[in-house]
Amino acid sequence: MFDSKFAIVLREDLAVWQKLNVTAFLTSGIVAQSPGIIGEPYRDRAGNLYNPLSIQPVIVLATDGQTLGAIQRRALERGVTTSLYVEEMFATGHDVANRAVFAEFAPEDAKVVGIALRAEKKLVDKITKGARMHA
């Protein structure tokens, strides 16, 4: 149905609140990069209007920190733009602070806790190799 795949990979040892928080932030980055992924507003039988949602399913995967680093490297090597969340961002409280702490790290030393990408299906499968469906 879709030529592309939208995947989020989370570090498996995060607390539930962290997984939910990271998923929300990473999703917003993919939507910002691909606004066409958002469909039409929803309307219930009573006529109430609701926000539009993604037209494409989102696959949520989990893995360890080492594999997340490999996924980040594979995405960079293939030129796939991702949304990335590093561990130190949990200690900040706003966007400017997030950007500042994010800028302190390079791919080889970032403690990645989540990554999201949307690209051609086979490419996403190759990049996310080693991650499994989140339980």
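In this predicted model, the side chain of T128 reaches the backbone oxygen of V124 at 2.8 Å. T128 sits in the loop between α4 and β7, the latter spanning residues 132-133. With a relative accessible area of 6%, T128 is buried, because the cut-off for that label is under 20%. Leaving aside residues up to four places away in sequence, T128 touches V9, L61, I71, R74 and L117. Two of these partners, I71 and R74, are among the buried residues of helix α2, and that helix is the next stop.

Helix α2 covers residues 65-77 and has 13 residues. From its first C-alpha to its last it reaches 18 Å, close to the 18 Å expected at 1.5 Å a residue. Its buried residues are T67, L68, G69, A70, I71, Q72, R74 and A75. An α-helix has 3.6 residues a turn, so residues three or four places apart point the same way. The list for α2 also contains consecutive positions, among them T67, L68 and G69. What covers these residues? The cover includes the strands β1 (4-11), β4, β5 (83-86) and β6 (112-120), together with helix α4 (121-127).

The two ends of α2 can be described separately. At the N-terminal end, D64 acts as the cap: one of its side-chain oxygens lies 3.2 Å from the backbone nitrogen of Q66. After the helix comes G79, which has a positive phi, near 70 degrees. G79 also serves as a reference point for distance across the model: its C-alpha and that of D44 are separated by 41 Å, although the two residues are 35 residues apart along the chain.

D44 itself belongs to the loop between β2 (42-43) and β3. The residue is partly exposed, with a relative accessible area of 28%. Its side chain reaches the backbone nitrogen of A46 at 3.0 Å.

Beyond β3 is another loop, which runs between β3 (49-50) and β4 (58-63) and holds L53. L53 is partly exposed, at a relative accessible area of 49%. Together with Y42 and Y50, L53 forms a nonpolar patch on the surface, and the accessible area of the three adds up to about 330 Å².

Q56 lies in this loop between β3 and β4 as well. Is Q56 buried or exposed? Its relative accessible area is 4%, so Q56 is buried, whereas L53 is partly exposed. The side chain of Q56 reaches the backbone oxygen of S4 at 2.8 Å. Not counting residues up to four places away in sequence, Q56 touches F2, S4, K5, F6, I37 and R118.

One of those contacts, K5, leads to the charged pairs of the model. Side chains of opposite charge can pair when their charged atoms come close. How many salt bridges are there? The count comes to 6 salt bridges. In one of them K5 pairs with D125, the closest N and O atoms being 2.5 Å apart. This pair links distant parts of the chain, since K5 is in strand β1 and D125 in helix α4, 120 residues apart. Both partners are partly exposed: K5 has a relative accessible area of 24%, and D125 has 38%.

Strand β1 supplies a further charged residue, R11. R11 forms a salt bridge with D13, with the closest N and O atoms 2.5 Å apart. The side chains of R11 and E87 also meet in a salt bridge, at 2.8 Å from N to O. E87 lies in the loop between β5 and α3 (95-102), so its pairing with R11 ties together parts that are 76 residues apart in sequence. R11, D13 and E87 are thus linked in a network of salt bridges.

The members of this network fall into three classes of accessibility. R11 counts as buried at 14% relative accessibility. E87 is partly exposed, with a relative accessible area of 29%. D13, at 55%, counts as exposed, because that label applies over 50%.

Definitions and conventions:
Residues are numbered from 1 along each chain as its sequence is written. This is a predicted model: local features need pLDDT of at least 70, side-chain atom pairs count only at pLDDT 80 or more; totals for chains, interfaces and linings use all residues. Side-chain values use heavy atoms; hydrogens and water are left out. Patches are made of residues with over 30% relative accessible area and no salt bridge: like charges are joined within 9 Å, nonpolar side chains (Val, Leu, Ile, Met, Phe, Trp, Tyr) within 5 Å. Accessible areas come from the Shrake-Rupley method with a 1.4 Å probe; for residues, only the protein chains shown count as cover. A salt bridge is a side-chain nitrogen of Lys or Arg within 4 Å of a carboxyl oxygen of Asp or Glu. Helices (H or I, at least four residues) and strands (E, at least two) are DSSP runs, numbered from the N terminus. Buried means under 20% relative accessible area, exposed over 50%, partly exposed in between (1.4 Å probe, protein chains only). The expected span of a helix is 1.5 Å times one less than its number of residues. Contact means heavy atoms within 4.5 Å. A polar contact is a pair of N or O atoms within 3.5 Å; within protein, one must be able to donate a hydrogen and the other to accept it, and residues adjacent in sequence count only if both atoms are side-chain atoms.
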